[in-house]
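Dear colleague,

Please find below the structure I agreed to pass on to you. My notes on it follow directly after.

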Amino acid sequence: MTKKNKLKWKRSLMVMTAITGLGFSTFYPGLSIPTAAVEQPDQPLPAEESVSIVQLEVPNDQAKDKLLELGIDLTHRIEQHDGIYEVDAVVTPTEIAMLKTFGINVKDTLITENEWNTRAAERQSAVQLQASLAASEDTLKVLRADHFTNQSATFLYLEVKSSAGATASTALKATWTEDGVEKSATLSRFVDYGEYIYHYLMVPVTAIPTSVKIDSNLGGTATSSVTEWLGKEPKHPKTDYVTDFVDHYMAPNELYERAEKLAKEFPKLVEIIDMPNKTNGYRRLAQATIGGTTNLAVVVSSKAWGHEGGNDVSVEFQNPGKNNSPLKVTVDGKKILVDLATDSSGKVTSTAAQVVSALNTNASQLVTATTYRGNAGTGVVAPITAKLTDGLKAPADVSRDPFTVKAIRIGKHRDGSKPGVLGYAQEHAREWVTPLVTIETAERLLRNYAHDSETRKLVDNLDIFLVPSVNPDGANYSFNDYNMQRRNMTNHCGPTASDPGNRNAWGVDLNRNHSVGSLFDGYIGASASCTSDTYAGPAENSEPEARNLVWLADKNPNIKFAMNIHSYGGYFMWSPGAYDSKRVTLPRPTAGQEAFYWAASDLMLNDIQDHRGTVILPSRTGPIPDVLYSAAGNSADYLWYEKGIYAWNFEVGADLWNKDTKRWQAVGFQPAFAEGHEEAMEFSNGLIGLIKVAYNSSKDHQPPSSKATPGNGKYTGPVEVKIETSEPATVYYTLDGSRPTFQSKKIQLSGTREFEETLKIDKTTTINYFAVDAAGNIEKNYNPLGNGKNYNSVTLTIK
Ligand SMILES: [Zn+2]
């Protein structure tokens with residue numbers, strides 16, 4: 001910050017001196033004036049004070065006029081309600097003290113000088129960054145140049161990273177040729193939580209360009225050939241492979257009935273696992289907010305759940321019809337009668353707070369009572385009758401009891417000896433398509449088993465776990481009461497937010513309640529508010545639904561792959577899933593693990609495409625923070641970091657391309673079933689794709705090989721060494737001549753969405769290294785825990 005700026009922020013008490021000149025004591029002769037405000041001009045200048053922008057509460061017109069008269073530095077914002085003014089002003093502490101003497105109070109500090117300075121400094125560093133980046137030509141890295149064709153059109157998709165991309169003034173233009181016609185377009189800059197990720201472009205094309213040229217306004221340039229995303233021929237469906245076993249959205253009861261039926265029909269291949277942590281249940285206390293939503297309202301909640309008697313409770317406030325009558329509560333069965341107090345003229349005098357207290361004392365066997373949202377309850381209540389209700393609309397055959405969440409376990413050998421795959425759906429209640437993906441998958445695995453050798457191979461060699469609905473209570477609520485319900489049904493709000501007006505705002509986000517990278521660890525993308533849709537809960541793993549998933553992974557350490565199925569948007573993502581307030585993510589997978597995630601994703605995305613041509617966009621494929629946002633405490637991060645499970649997140653329901661408007665259209669959480677059905681079919685393809693990935697991995701006994709380039713030799717000056725592997729594999733290495741182990745450094749990605757890093761060698765160094773693939777095979781069967789020397793080694797002599 002410049003000195004000049006700083007000076008602008010200091011205001012001396014000379015202002016006060018000017019005020020006295022206006023002579024406000026003639027207007028308010030009785031007021032005592034703070035001494036600071038009556039400094040005489042001939043006295044030394046007082047010390048400078050910090051200023052803040054504050055919101056003042058000005059009680060009346062007189063005080064407002066006084067403000068203007070005093071020359072207080074007001075901003076443009078003045079708002080009036082009920083005769084009280086809210087005014088934003090720039091003031092010093094001394095001014096604040098003086099304002100108080102006029103009955104003017106500081107309501108809120110909007111920004112302090114320190115905060116303002118911080119913002120000015122931020123701005124200054126951005127200006128400097130821009131100047132330094134714009135000073136020289138940038139270099140461009142083409143991360144992706146893809147074409148793809150979906151059911152509607154052919155698209156060109158580019159991701160390009162500029163070395164000067166951190167400043168918004170850097171603009172990139174792409175140029176390519178379609179059928180001999182030159183086309184060009186400007187790329188969009190993608191920034192997430194303050195971090196520049198890359199520039200990108202996605203446009204429909206009439207012909208596939210062979211190459212594309214990128215030019216930066218800073219002079220950088222790059223060209224790249226254009227390759228096909230998911231470029232495999234669609235498979236011709238086998239005529240005897242049966243699919244399509246869902247014909248409507250299914251509620252939890254139906255899902256689990258179907259699962260039980262399958263277990264009965266295929267007892268040798270299926271069992272149902274009852275998870276140990278029962279949910280809260282699709283149930284509520286019976287409640288009423290009696291007398292509106294003001295300070296005369298009384299909120300009454302039953303002690304018993306609605307279906308266990310709470311719904312039978314009624315409360316009547318009545319005028320006893322005589323003078324000087326005391327407040328009295330009588331309980332008769334499920335009826336609570338409140339005789340309100342009256343004065344000598346027979347007028348009712350009981351306030352809401354008094355009625356609340358009387359109910360809590362005399363009807364505590366049936367109900368608890370509070371004032372409305374924490375207000376003082378000073379209003380006098382009116383005679384009225386109210387019946388309490390849990391408000392639940394589901395028919396009686398939807399059980400109100402705690403729900404046992406179940407998993408369908410499919411496999412010929414279900415004893416833990418085979419590698420496990422887990423697909424789990426509906427953490428978020430409103431995502432109605434997601435359970436269908438698991439049911440469709442279970443049906444396909446079982447009904448094709450007898451005649452399809454591919455399917456038999458999967459079922460015979462794997463241990464497959466499918467959880468159709470992690471959140472059955474929320475699902476029942478979404479089907480019957482509030483279709484946008486995302487969370488479970490557990491209300492963790494205290495008395496000030498537990499009135500029935502908030503009934504759609506309670507519950508815990510089960511994909512924010514886990515223990516890795518959580519809100520409680522300081523990560524972003526979850527809320528501490530019990531009424532927020534991303535509420536993380538009162539503590540990690542507070543919810544039975546989240547603990548069930550932890551239990552399943554603990555109990556079955558053979559699980560190596562997992563899919564967390566959500567909707568919508570057509571995303572395909574993996575860890576890290578969260579970053580902190582400085583946008584530092586959870587540890588990135590190694591370069592080898594990342595390569596495996598991409599390769600496995602390619603197989604699954606091709607399978608998804610096979611159904612109706614849906615292309616999961618390259619811009620929606622990758623680690624969560626690179627393509628979506630931070631999601632603190634999500635379950636897939638738990639599985640990856642704590643359990644070492646390769647864990648993906650699907651968002652089913654890819655946008656549909658509208659040929660008329662030439663725009664992508666979102667499908668929503670609950671599309672018409674015709675669309676929901678298609679989504680279930682294509683993502684069941686994807687889930688079976690994951691099961692194939694698990695099978696391939698289980699049959700992979702081939703160790704990877706790796707090679708450093710350049711290798712042994714004498715070099716002048718620093719050398720960049722790249723270690724390449726024969727398949728996706730993590731490379732462990734040392735640079736000090738020691739034996740490499742699992743504790744050694746690993747080759748990482750060089751940056752977000754970039755390729756593997758190179759090692760900069762600037763003095764004579766021996767690199768010892770070995771590679772491990774996703775199936776755990778170690779290069780040359782080297783044992784990092786033993787004493788053998790059969791690792792790779794190169795020595796680069798630098799002159
Ligand atoms: Zn979701």
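The notes below cover the metal site, the backbone and one sheet. Please bear in mind that this is a predicted model.

Metal site

The zinc ion takes its protein donors from His428 (ND1), Glu431 (OE), Glu431 (OE) and His566 (ND1), at distances of 2.0 to 2.6 Å. Along the sequence, these donor residues follow the spacing H-x2-E-x134-H. Distant parts of the chain are thereby linked: glutamate 431 sits in the loop between strand E23 (420-425) and helix H8 (433-447), whereas histidine 566 belongs to strand E25 (residues 559-569), 135 residues apart. Both glutamate 431 and histidine 566 are buried.

As to the geometry, the arrangement is irregular because the 4 donor atoms subtend angles of 55 to 140° around the zinc ion. Four donors would count as tetrahedral only if all angles lay between 85 and 135 degrees.

Backbone

Most residues other than glycine have a negative phi, and most peptide bonds are trans. The following places in the model are therefore worth listing.

- Serine 567 and tyrosine 568 are joined by a cis peptide bond, with omega about 0°; tyrosine 568 is placed in strand E25.
- Serine 575 and proline 576 are likewise joined by a cis peptide bond, with omega about 0°. Proline 576 is placed in the loop between strand E26 (571-574) and helix H12 (591-612).
- Glutamine 426, although not a glycine, has a positive phi of about 60°. This residue lies in the loop between E23 and H8, and at 0% relative accessibility glutamine 426 counts as buried.
- Arginine 373, also a residue other than glycine, has a positive phi near 50°. Its location is the loop between strand E20 (367-371) and strand E21 (384-387). With a relative accessible area of 37%, arginine 373 is partly exposed.

Sheet

An open sheet is formed by 4 strands in the order E18-E19-E17-E21, with mixed pairing. Strand E18 (328-332) and E21 occupy the edges and have a single partner strand each, so one side of each is left without a neighbour in the sheet. From one strand to the next, the twist averages 15°.

Within this sheet, strand E17 (residues 314-318) pairs with strand E19 (residues 335-339) in the parallel sense over 5 bridges. Glutamate 316 has leucine 337 in E19 as its bridge partner. Helix H7 (residues 352-362) packs on the sheet and touches E17, E18 and E19; the direction of helix H7 makes about 40° with that of E18.

With kind regards

Methods: Residues are numbered from 1 along each chain as its sequence is written. This is a predicted model: local features need pLDDT of at least 70, side-chain atom pairs count only at pLDDT 80 or more; totals for chains, interfaces and linings use all residues. Side-chain values use heavy atoms; hydrogens and water are left out. Donors are N, O and S atoms within 2.8 Å of the metal (3.2 Å for Na, K and Ca); water is not among the atoms, so sites may look incomplete. Four donors count as tetrahedral if all angles lie between 85 and 135 degrees; four count as square planar and six as octahedral if opposite donors are over 155 degrees apart and all others between 65 and 115; anything else is irregular. Helices (H or I, at least four residues) and strands (E, at least two) are DSSP runs, numbered from the N terminus. Buried means under 20% relative accessible area, exposed over 50%, partly exposed in between (1.4 Å probe, protein chains only). Two strands pair if DSSP finds at least two bridges between them. Axes are lines fitted to C-alpha atoms, for helices over the stretch in contact, and angles run from 0 to 180 degrees between N-to-C directions. Contact means heavy atoms within 4.5 Å.
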